[in-house]
Amino acid sequence: MASKVHLLFRVLLIAAVMQLHSVIVVGEPQVPCYFLFGDSLVDTGNNNRFVKAEKANYPPYGIDFPQGVTGRFTNGRTAPDIIGQLLGFSNFTPLYSTVTNEEIDKGVNYGSAGAGIREETGRNLGERISFDKQILNHQEIISRLWRLMQDNQTLTNEYIKKCIYIVNIGSDDYVNNYLMPSNYSTSSIFNPDQYATLLIQQYSQQLTALLHLYELCQILLVVK
Ligand SMILES: *[C@@H]1O[C@H](CO)[C@@H](O)[C@H](O)[C@H]1NC(C)=O
Ligand SMILES: *[C@@H]1O[C@H](CO)[C@@H](O)[C@H](O)[C@H]1NC(C)=O
């Protein structure tokens, strides 16, 4: 019994050391590219360019962030920032609103505060990039990437397949939609269960669209 516990302890210790090792090692990231979709938990400044929108471009946001105020809805890094660093990326993922062709091969952040699964979600806050629009923006980025890869479909496909995608969306569909009965009709049309089912259905379709975007994008470009 004692030896079994001892063995378990050693296995756990080795696992912990391996994990630590993979965090500390500096070098190539574990994946070539990292794409981020979502709401204020993901947005690191895409909403800054909008006149009226939910924005975090003023102090005390960013007080613990090396670059200070950026548009992040937090004092420091966002959860996707931290995951990106753990994956080995040395820079934060560039924003869709300002990304250059030189930067897109590492990934893009499409997140927008106030965005929802549903198109109208967050309307009360002003402008925002809904999840459907974020998917369209990703389609445009893939087209740019494809051109940068000399229209080589195989190369682009192989590349995109290795990327990590993070999606964090849905809370605004409640906070800035369903739970605001004077501004949105959803709560008078659907009961909570129906609304949840509806959101899950739409979200599944969106994730499926994202998965097949590369092929769709190829078809669109070929037709053009
Ligand atoms: C939300 O509804 C309230 C009450 O009807 C109204 O006063 C307010 O202007 C609405 N807000 C927006 C952004 O439409
Ligand atoms: C496209 O890229 C693949 C994979 O790198 C390569 O094998 C193929 O020769 C390339 N095709 C063209 C037309 O350059």
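Cys33 and Cys163 are joined in a disulfide, with 2.0 Å between their sulfur atoms, and the structure, which is a predicted model, holds one disulfide. A disulfide is a covalent bond between the sulfur atoms of two cysteines. In this case Cys33 sits in the loop between α1 (2–24) and β1, while Cys163 sits in the loop between α4 and β2, so the bond ties together parts that are 130 residues apart in sequence. The torsion about the S-S bond of Cys33 and Cys163 is about -60°, and the disulfide is therefore left-handed. Both Cys33 and Cys163 are buried.

**Aromatic pairs**

Strands β1 and β2 are also linked through aromatic side chains. The number of aromatic pairs comes to 15, and one of them is formed by Phe35 and Tyr165, a tilted pair with 5.4 Å centre to centre and 50° between the planes. This pair links distant parts of the chain, with Phe35 in strand β1 (residues 34–38) and Tyr165 in strand β2 (residues 164–168), 130 residues apart. The two partners can be set against the cut-off for burial, which is under 20% relative accessible area: Phe35 counts as buried because its relative accessibility is 0%, whereas Tyr165, at 28%, counts as partly exposed.

A further pair brings two helices together. Tyr178 and Tyr195 are stacked, with 4.4 Å centre to centre and 20° between the planes. Since Tyr178 lies in helix α5 (residues 172–178) and Tyr195 in helix α7 (residues 192–211), the pair ties together parts that are 17 residues apart in sequence. Tyr178 counts as buried at 10% relative accessibility, and Tyr195 is buried with a relative accessible area of 0%.

The two pairs are set out below.

| Pair | Arrangement | Centre to centre | Between the planes |
|---|---|---|---|
| Phe35 and Tyr165 | tilted | 5.4 Å | 50° |
| Tyr178 and Tyr195 | stacked | 4.4 Å | 20° |

Ring pairs also link Phe35 and Tyr165 into a cluster with Phe37, Tyr96, Tyr110, Phe131 and Tyr203. Elsewhere, a charged side chain accompanies an aromatic ring: Arg72 lies over the face of Phe92, at 4.9 Å from the ring centre.

**Leu210 and its surroundings**

Leu210 is a residue of helix α7 that touches members of this cluster. Leaving aside residues up to four places away in sequence, Leu210 touches Phe37, Phe131, Ile135, His138, Tyr165 and Val167, and among these Phe37, Phe131 and Tyr165 belong to the cluster of linked rings. Leu210 counts as buried because its relative accessibility is 8%. The C-alpha atoms of Leu210 and Gln134 are separated by 9.9 Å, although these residues are 76 residues apart along the chain.

**Helix α4 and the loop before it**

Helix α4 (residues 153–161) has Thr156, Tyr159 and Ile160 as its buried residues. Because these residues cover an arc of only 95° around the axis, they lie on the same side of α4. The face turned away from that buried side carries Thr154 and Lys161, which are exposed. At the N-terminal end of α4, Asn152 acts as a cap, with a side-chain oxygen lying 3.1 Å from the backbone nitrogen of Thr154; Thr154 thus appears both in this capping contact and on the exposed face of the helix.

The loop between α3 (131–148) and α4 contains Gln150 as well as Asp151, and each has an unusual backbone setting to report. Most residues other than glycine have a negative phi, and most peptide bonds are trans. Gln150, however, has a positive phi of about 55° although it is not a glycine, and Asp151 likewise has a positive phi, of about 60°, without being a glycine. Gln150 counts as exposed because its relative accessibility is 68%, whereas Asp151, with a relative accessible area of 47%, is partly exposed.

**A cis peptide bond**

The peptide bond that joins Pro59 and Pro60 is cis, with omega at about 10°. Pro60 is placed in the loop between β1 and α2 (79–86).

Conventions. Residues numbered from 1 in each chain as written. Chains lettered and ligands numbered in written order. Predicted model: local features only at pLDDT ≥ 70, side-chain atom pairs only at ≥ 80, totals over all residues. Heavy atoms only, no water. Buried < 20%, exposed > 50% of the residue type's maximum accessible area, 1.4 Å probe, protein only. Helix = DSSP H or I, 4+ residues; strand = E, 2+ residues; numbered from the N terminus. Arc of directions from axis to C-beta. Polar contact = N/O pair within 3.5 Å; in protein donor to acceptor, adjacent residues only side chain to side chain. Phe/Tyr/Trp six-rings, centres within 6.5 Å; stacked < 30°, edge-to-face > 60°. Lys NZ or Arg CZ within 6 Å of the ring centre and 35° of its normal. Disulfide = S-S within 2.5 Å. Contact = heavy atoms within 4.5 Å.
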